[in-house]
2 protein chains.
Amino acid sequence: MSALTTHFLPVLRVMGVLLTFFALGVALPLGISWTHSDGLHAIWAQAGAGTLLCGVLLWVGLRRHKRELHPRHGIILVSLVWVVLPLFASWPIREALAAVGRPISFSGAYFEAVSGLTTTGATVLTGLDTLPVSINVWRTFMQWLGGMGILVLAVAILPLLGVGGSQLFKAEVAGPIKDNRLTPRITDTAKGLWGIYAALSLACALAYWAGGMTPIDAVMHMFSTVSLGGLSSHDTSFGHFGSPLLEAISVGFMLVASCNFALYFTAMRKGHWRGFWRDPEMRATLVALIGGGLVVSAVLWFKNVYGLLEALRLGFFHAVSIGSTTGYATVDYLAWPVFAPMFMLLLSGIATSAGSTGCGIKMVRVLILLKQAGREMRRLVHPRAVQPVKLGDKVVDDRVIFAVLAFMLVYGVTIISLAMLLVLADVDPVTAFSAVIASVNCMGPGLGSVGPAAHYGVLTDAQLWVCTLAMVLGRLELLSFIALLTPSFWRR
Amino acid sequence: MSALTTHFLPVLRVMGVLLTFFALGVALPLGISWTHSDGLHAIWAQAGAGTLLCGVLLWVGLRRHKRELHPRHGIILVSLVWVVLPLFASWPIREALAAVGRPISFSGAYFEAVSGLTTTGATVLTGLDTLPVSINVWRTFMQWLGGMGILVLAVAILPLLGVGGSQLFKAEVAGPIKDNRLTPRITDTAKGLWGIYAALSLACALAYWAGGMTPIDAVMHMFSTVSLGGLSSHDTSFGHFGSPLLEAISVGFMLVASCNFALYFTAMRKGHWRGFWRDPEMRATLVALIGGGLVVSAVLWFKNVYGLLEALRLGFFHAVSIGSTTGYATVDYLAWPVFAPMFMLLLSGIATSAGSTGCGIKMVRVLILLKQAGREMRRLVHPRAVQPVKLGDKVVDDRVIFAVLAFMLVYGVTIISLAMLLVLADVDPVTAFSAVIASVNCMGPGLGSVGPAAHYGVLTDAQLWVCTLAMVLGRLELLSFIALLTPSFWRR
Ligand SMILES: [K+]
Ligand SMILES: [K+]
C-alpha cells in the first residue's frame, strides 16, 4: 500500500491533469466536424466528454496525493502517458471509422494513435482523401499535440532523468538545476517552448496557405510539418500538391523544426543569435540534412533517374523529409536505386537535434560518439595520453559518454530484437528491419511492403504491436522505458 | 628518412621472417601435388621458391634493422601481414587454376586467399570436387595457417596493443606485462598455443578418419574445423558425407575451438581444470552456441520444417557451425524460415571467445557490454550510486569499457558503411548486409545471393574488394587498421 500511495497515486494525479487538457484538444475535430457537417460530431463530443470525465475524476479524486515528483516518478509518468493517451486518442478514431462504414481493429486504431502522438506518421489507413475531414484533422492534430509534449519531454524531463546522457542536452533556458525535482522549472520552460512552437506553427500555416493550399490543408500540413510528424490528408502525401513552392516551404520549416527549440528561445530572450549560430549540434544537423540532400540528388542524377533539376528537387525534399524524421513523400522513392531510400532511412536515425520534435539517436549523441571514437584511436597510439572529450567549449563528462554509449547499445539491440521478432512472425527481412528502424526513429515509411506508396495496414495485428512498441520506445529514448523492467527500479 | 628507418624497415624485416616461414608452408600442396600427380607441382615449387626468395631477401637485407617493436609497429605489422601474405598465397591459386583451364581474376584469387588466411571460408570457386587436390589442400591449409597466426594475434599481440579493450583478454599465460615491447614473451606464448593447436588438430583429423572420411578429406576438413574456417573440398560442403557421426564430431571440435586457447594452456600447465570451468566467457560461449542450437531446432520443429530428430540434428549442426564462425552447411538453410539463418548470422557476431580462432565481437566484449548496460539502468534510478563493472572476480576498468564501447561503435559503423557501399554498387540489401556481416565475422556464407548453396563468385570484382576489406577489418578487430588512418598515428 505504501509503495502505491507514494509512487503510483501522485503519478496518476498528474496523468489526470494531462488527460483533462488532452480532452480539450478534442474540441478541434468536434468544431471542424460541426462546421463541415460530416456527421461525426456526436462521436467527438462523446469522446471528448468521456476523456474529460476520466481526467477530472483522477485529478480531483487524487487531489490529496499532490506531491513533488522525483526522477523515478518521471519515468513512470512518461511511460504511462504513452500507454494511456493513445487509448483515449484511438477511441474516436475507431468509432468514427466504424460510423462511416470503414471499421478497423483495436490494434489498428491504437497503432494509428501512437503513430500520431509519437509524431511517427505511419498509417494503417487508405483512401485518406475520402475520409471525413474531422478524422484527418484529428490524425494530424495528434501529431501537433504530441510534438508539444515532446518538446517538454526532450528539454525539461529527459535531461532531469539523465536518459542516455541527455543531461548534456539541457538547454541554457533551464539554468543550473540544483535539485532533482521535476515540477518547479518545467512550467516556465514549457511556456517558452510552446510560445516558439505556436509562432512557428502560425508562420508555417500562413506560408502553406499563401503557397496555394486550402486553409484546412494548410493547417493540417502545418500540424504534421512543425511536429516532424508527416501524416497527410492525401493518399499521395505531399505529392498531391505537385508544387515546388510548397515543397520548398516545407523543407524550410522541417529544417527549422529539426533544431533544438531551446536555442530559439535563448536567442530570442537574449536578443541576439550568436550562440545559435555557434551551436555545434545545430550546425551538424543542418550539414547532415543539406548534405544528405546533396548525396541523394547526386545518386539520382548520376544513376540517370532524373535530370539535374528534378534530381535536386526530389533529392532535397525527400532527404530532408525522411532525414528529419517527417516522412512526407511526393513520389514512390522505392523505385529509386535502393541506396537512396536506405541512406535516407539511416539519416533519420542521426540527423535531428536533441530538443527538437525529431526522434532517433539525436545529433548531439552522434557528435559525442565520434569524438569518443577519435579519442580511443589516439589512445591506441599514445596509451598514456589523457584527453577530455569536448563539444563546443564544454568538456563532456565520462559519465555522460558512458550513458550515450549505453544508449547506442540499447538502440542497436532494440532494433535487432524487434526486427527479428517481426521476422519470426513471417515478415520479410527488409520490411522487418526498415519498419522497426522507421518506427524507432518515429519517422514513418519504411522499405519493402511498408514503403511510402504502401501503408502499415498490410501488417497483422501482432506485427503492428511490435511496431507500436518500437515507436513508444523510440519516443521515450529507450532507456527510461527499459528502466521500468529492471528490478532495482522497483526496490525502494 | 628517419621515420622510414625507425618505423618501416624493422617491420619489413619481421615481414621477411614471416614470409620465409610462410614459404615453407607451400611444401604441403607441393608434396600432395607430387604424390597425387595432379600436374601442378611445378607451379607450387615456383610459388614456394619465389616466396622464400622474397622473404629471405627482406630478412637478410634488413638484418641491420633488427630492433624491439613497439605498439605502433605492431599495428603496422599486423596490417601489412594481411595485405602482403594474401598476395603471395593467391599467386599459386591463380596459376594453378589457369593451368587447369579455369582461370579467375586477380581480385577473385586475392579474395580467396584473404578468405582462407582470415579463416572466413567464403569462396569464389565452384566445382570444388573436380579441382586438383593440391588446390583444395592449399585452400584449407591456408585456413589452418591463418588460425595459427590468429592465436598469436589474439592472445599475444592485440592485448598488448589494447585494441577495443582486448588488454582484458590477456591470458594468464602471458603473465603481467611490465613493458610495452612486443617481442619478449610472444615466442613463449606462441609455442604453448601452437602445441595445443597441433594436438587438437591431430585429434580432429584422427576422429574424422575414424568417422569415415578418406585420409585426405579428414586432413582438409580438420584444417577448416580447428581454425573455424569452414572451407570444404566439396561443393555440398559437409553435406557431402551425409553422416550424423561426422557432424557430431565436427560440432564437438567446433565447440572446443570456439573457446579461449589460453584457458587450455593454463589448465594443462597447472594440471587442473578448475579455472577453465569457472571462466565466465567460456561458459557464455558454450551457452550461446548450445542455446542457439536449441533455438534453431525449435524454430525448425515448430514451423514444421522437419521432424524432431532431424530438426535437432540440423539445428545444432548449423547453429554451432555458423555461430562459431565456421560456416559449414549440410543443406541450403536459406530454404528454412528466414528467422533461422538471420539468427545464426547474428550469433556468429557474438558467440566465440577471445583467444580462439573465431571472429566477430567476441563473447567477453558482449559480457562487458551487458554489465555496462545494466549499470547505466541502475544509474537512471540511483543517479549517485557508484558501481564497478565486474567480470568473474575481476573489476573491469572504465578505460577497458570505453574501448569496448568504441569497438562496438566502429563495428556497427563499419558494417553499415561497407554494406551501403555494396548497395551503391547495385547489390540487393539482404545480400549486401549479410555478406558484410558474414565477412566481418570471418564466417563465410551470407543470405540472398551469397547463401550456403551459392558462392561469392556472383559478385563483381569491385564488390569482392569490399568483402575482402571487411574480412581483413574483422580479423584485425577493426580498430588497429583504422588507427593507421588517423593522423596522430603518423606523428612522432
Ligand atoms: K514522422
Ligand atoms: K569461417
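Partly exposed refers to a relative accessible area between the buried limit of under 20% and the exposed limit of over 50%. The legends below describe a predicted model.

**Figure 1. Salt bridge between B:Asp398 and B:Arg375 in chain B.** The closest N and O atoms of B:Asp398 and B:Arg375 lie 3.5 Å apart. The pair links distant parts of the chain, with B:Asp398 in helix H16 (residues 398-424) and B:Arg375 in helix H15 (residues 363-381), 23 residues apart. B:Asp398 has 36% relative accessibility and therefore counts as partly exposed. B:Arg375 counts as buried because its relative accessibility is 4%.

**Figure 2. Salt bridge between A:Asp398 and A:Arg375 in chain A.** Here the closest N and O atoms are 3.5 Å apart. A:Asp398 belongs to helix H16 (residues 398-424) of chain A and A:Arg375 to helix H15 (residues 363-381) of chain A; the two residues are 23 residues apart and link distant parts of the chain. A:Asp398 is partly exposed, at 35% relative accessibility, whereas A:Arg375 is buried, at 3%.

**Figure 3. Salt bridge between A:Asp426 and B:Lys303, crossing between chains.** The side chains meet at 3.2 Å, N to O. Both partners sit in loops: A:Asp426 between H16 and helix H17 (429-440) of chain A, and B:Lys303 between helix H12 (280-302) and helix H13 (308-323) of chain B. With a relative accessibility of 61%, A:Asp426 counts as exposed. B:Lys303 is partly exposed, its relative accessible area being 31%. Over all chains, the count of salt bridges comes to eight.

**Figure 4. Coordination of the potassium ion (ligand 2) by residues of chain B.** The donors are the O atoms of B:Thr119, B:Thr120, B:Leu228, B:Gly229, B:Thr325, B:Thr326, B:Cys442 and B:Met443, at 2.3 to 2.9 Å. Along the sequence, the donor residues follow the spacing T-T-x107-L-G-x95-T-T-x115-C-M. Among these donor residues, B:Cys442 and B:Met443 are both buried.

**Figure 5. Chain A, as context for the close-up views in chain A.** Chain A contains 20 helices and two strands. Of its 492 residues, 62% are buried. Among the contacts in chain A with a separation of 6 or more, 72% are between residues 24 or more positions apart. The chain exposes about 18200 Å², of which carbon and sulfur atoms supply 68%.

Terms used. Residues numbered from 1 in each chain as written. Chains lettered and ligands numbered in written order. Predicted model: local features only at pLDDT ≥ 70, side-chain atom pairs only at ≥ 80, totals over all residues. Heavy atoms only, no water. Donors = N, O, S within 2.8 Å, 3.2 Å for Na, K, Ca; no water. Buried < 20%, exposed > 50% of the residue type's maximum accessible area, 1.4 Å probe, protein only. Helix = DSSP H or I, 4+ residues; strand = E, 2+ residues; numbered from the N terminus. Contact = heavy atoms within 4.5 Å. Areas by Shrake-Rupley, 256 points an atom, 1.4 Å probe, with all protein chains shown as cover. Salt bridge = Lys/Arg side-chain N within 4 Å of Asp/Glu carboxyl O.
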